[in-house]
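I opened my notebook on this model and jotted down what I looked up, one entry at a time. Here is how it went.

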Amino acid sequence: MKIYNTLTRKKEEFVPLEPGKVNIYLCGPTAYNYFHIGNARTFLFFDIVRNYFKYRGFQVTYVQNITDVDDKLIDQSIKEKIPVSDIAEKYINAFFEDTNSLGIPKADYYPHATKYIEEMVRLIKELEEKGYAYEVNGDVYFSINADKKYGILSGKKIEDLKAGARVEKNIQKKHPGDFTLWKRSKPGEPKWQSPWGEGRPGWHTECVVMSRKLLGETFDIHGGGIDLIFPHHENEIAQAQASTGSIHARYWMHGGYLNISGEKMSKSLDNFFLTRDVLKKYDAEAIRFFFLSKHYRSSIDYNEDLIKESSQAMKNLYSILKELDYLKYEDEDISYAETHQKLKDQFIEAMDDDFNTAKAISVLFEIAKITRSSNDMNFAHLLVELGQVLGFFTNLEEKLETDLNQISEELIQLLINYRQLFKKEQNWRMADKIRNDLKSLGIQLKDTPAGTEWEIVK
Ligand code: AMP
Ligand code: ZN
């Protein structure tokens with residue numbers, strides 16, 4: 001199995017620290033708002049990484065942290081006029097609702113940063129004692145000049161680091177690239193006791209402490225989106241090396257961006273769609289399909305036409321299973337012959353090659369094609385088995401038995417199309433009648449530049 005390791009900038013054979021086991025840590029959400037569909041891409045992909053390791057027989061421990069104290073939460077608490085802890089609670093709940101709607105099973109651990117403050121203070125103290133950290137006015141910084149290997153992950157050179165967009169400007173610091181380990185709290189901000197006075201830990205310290213605590217000083221895989229390579233993961237490595245000499249994680253995996261018109265989707269650029277809003281329009285499996293049909297390291301442009309095509313592609317797969325009356329034969333014994341095995345091997349080969357989900361999906365379609373032409377139940381079983389590795393077909397009963405729901409949706413769409421025709425003919429009376437009649441059934445139409453959308457408002 002090969003994985004692209006950001007640390008060495010090449011695909012490497014995956015060798016677990018302990019045979020048969022894999023420990024994965026993913027940098028999760030900062031709980032200050034609902035997460036957008038770009039974040040969802042990263043969460044979905046690492047769900048597949050976990051799933052695939054399980055499929056290959058590994059015992060997986062999967063940790064996704066939750067940042068529940070941070071400048072962004074403090075800003076949001078001022079905006080919403082509720083305490084920081086309530087902001088965290090509100091958006092952590094929303095995070096679980098949305099990941100559940102996306103069909104992502106729970107991680108094994110969701111450490112909350114505020115539950116590990118004592119350990120964080122201990123680590124910062126240790127770094128200070130070893131000469132890697134210094135205090136100025138109640139703030140503590142990591143001195144990157146003290147770290148000979150600084151830049152090992154991102155390839156950045158200390159001398160090139162100037163205060164800029166991603167490196168905070170601060171005249172207290174010895175070097176503009178020095179990063180905050182402990183931040184003195186301003187009046188009214190969340191605070192904890194420390195040898196440097198009341199304050200809170202920096203984000204980069206949180207993840208080192210939580211991953212070490214739950215997965216050990218060195219563990220297998222550390223993941224996130226590419227925006228985390230620098231400074232977040234670089235700074236995690238700096239602290240881990242300064243503390244124990246360990247590189248922290250052996251494999252560093254980073255997923256590409258979801259872009260929008262060529263720019264990274266992000267809250268700060270205000271060019272985002274919330275996952276929960278996208279899920280009102282498209283099925284979770286269609287979104288999953290849309291992401292997985294591209295390699296995780298390439299960037300993807302948000303494209304609703306492609307999501308619609310993905311939705312159609314999924315419908316086609318389901319219709320094959322429906323025609324075969326799959327549920328009736330679901331528990332039948334499977335006997336894979338050589339032709340089945342060959343396709344299964346192709347799927348595994350694709351996934352073994354740095355999680356090439358795009359290729360794996362093309363194998364699924366090859367299997368679907370043969371299933372349709374041969375009516376061989378074993379191919380149908382294989383389709384489901386491998387599809388489930390990618391997180392599809394997890395709710396077969398519901399999908400294969402909700403004909404009526406699907407027909408209702410298609411009928412609403414049909415009425416929308418008729419209304420469109422009436423509008424074209426300037427028959428406003430009929431167009432309005434359709435809108436009002438649907439409304440009285442609790443179906444609200446909304447005209448947008450992209451077409452007419454509907455939602456159930458009852
Ligand atoms: P945050 O809530 O900002 O801590 O981000 C949570 C995760 O989403 C991190 O792993 C980020 O790298 C990732 N992420 C943020 N924006 C995007 C994007 N536009 N595309 C893909 N992943 C993203
Ligand atoms: Zn992190």
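**Entry: the loop before α12.** I began with aspartate 354, which I found in the loop between α11 (338–352) and α12 (357–374). One caveat goes in right away: this is a predicted model. I checked the backbone there, and phi of aspartate 354 comes out near 55 degrees, a positive value in a residue other than glycine. I flagged that since most residues other than glycine have a negative phi. Buried or exposed, I asked of aspartate 354? Its relative accessible area is 0%, so I put it down as buried, the cut-off being under 20%.

**Entry: α11 against α12.** Next I looked at the two helices on either side of that loop. At what angle do α11 and α12 pack? I got about 165 degrees, with the axes 7 Å apart. Angles over 145 degrees count as roughly antiparallel, so that is the word I wrote for α11 and α12. The crossing of α11 past α12 is left-handed. On the α11 side I listed Leu343, Gln346, Phe347, Ala350 and Met351 as making the contact. On the α12 side, the contact residues are Thr357, Lys359, Ala360, Val363, Leu364, Glu366, Ile367 and Ile370. Sorted by class, the contact of α11 with α12 holds nine nonpolar, two polar and two charged residues.

**Entry: the zinc site.** Which protein atoms are donors to the zinc ion (ligand 2)? I noted Cys27 (SG), Cys207 (SG) and His232 (NE2), at 2.0 to 2.2 Å from the ion. Along the sequence, the spacing of these donor residues reads C-x179-C-x24-H. I then traced where the two cysteines sit: cysteine 27 is in the loop between β3 (21–26) and α1 (37–55), while cysteine 207 is in helix α5 (residues 203–215). They are 180 residues apart, so I recorded the pair as linking distant parts of the chain. I also checked exposure, and both cysteine 27 and cysteine 207 are buried.

**Entry: threonine 30.** I stayed in the loop between β3 and α1, where threonine 30 also lies. Its relative accessible area is 18%, and I logged threonine 30 as buried. Skipping residues up to four places away in sequence, I found threonine 30 touching Thr67, Asp70 and Leu73.

**Entry: α6 and what follows.** I scanned for cis peptides and hit one: the bond joining phenylalanine 230 and proline 231, with omega about 0 degrees. I wrote that down because most peptide bonds are trans. Proline 231 belongs to helix α6. Past the helix, I stopped at histidine 248, in the loop between α6 and β10 (249–255). Histidine 248 has a positive phi of about 80 degrees, though it is not a glycine. With a relative accessible area of 0%, histidine 248 is buried.

**Entry: α4 against α6.** How are helix α4 (residues 117–129) and helix α6 (residues 229–244) packed? I read an angle of about 65 degrees, with the axes 10 Å apart. That makes α4 roughly perpendicular to α6. The crossing is left-handed. In this contact, α4 supplies Leu123, Glu126 and Leu127, and α6 supplies Gln239, Ala242 and Ser243. By class I have three nonpolar, two polar and one charged.

**Entry: α8 against α9.** I did the same for helix α8 (residues 284–292) and helix α9 (residues 304–323), which pack at about 110 degrees with their axes 8 Å apart. That makes α8 roughly perpendicular to α9. Here the crossing is right-handed. From α8 I listed Glu285, Ala286, Ile287, Phe289 and Phe290, which meet Leu306, Ile307, Ser310, Ser311, Ala313, Met314 and Tyr318 in α9. The class tally for the contact of α8 with α9 is nine nonpolar, two polar and one charged.

**Entry: isoleucine 416.** My last stop was isoleucine 416, in helix α15 (residues 403–424). At 3% relative accessibility, I counted isoleucine 416 as buried. Which residues is isoleucine 416 in contact with, leaving aside neighbours within four places in sequence? I found Leu445, Thr452 and Trp454. I also took the C-alpha separation between isoleucine 416 and alanine 431, which are 15 residues apart along the chain, and it is 9.0 Å.

How values were computed:
Residues numbered from 1 in each chain as written. Chains lettered and ligands numbered in written order. Predicted model: local features only at pLDDT ≥ 70, side-chain atom pairs only at ≥ 80, totals over all residues. Heavy atoms only, no water. Axes fitted to C-alpha atoms, helices over the stretch in contact; angles between N-to-C directions. Helix = DSSP H or I, 4+ residues; strand = E, 2+ residues; numbered from the N terminus. Parallel < 35°, antiparallel > 145°, perpendicular 65-115°, else oblique. Left-handed = near helix turned anticlockwise from the far one by under 90°. Contact = heavy atoms within 4.5 Å. Nonpolar A, V, L, I, M, F, W, Y, C, P; charged D, E, K, R; others polar. Donors = N, O, S within 2.8 Å, 3.2 Å for Na, K, Ca; no water. Buried < 20%, exposed > 50% of the residue type's maximum accessible area, 1.4 Å probe, protein only.
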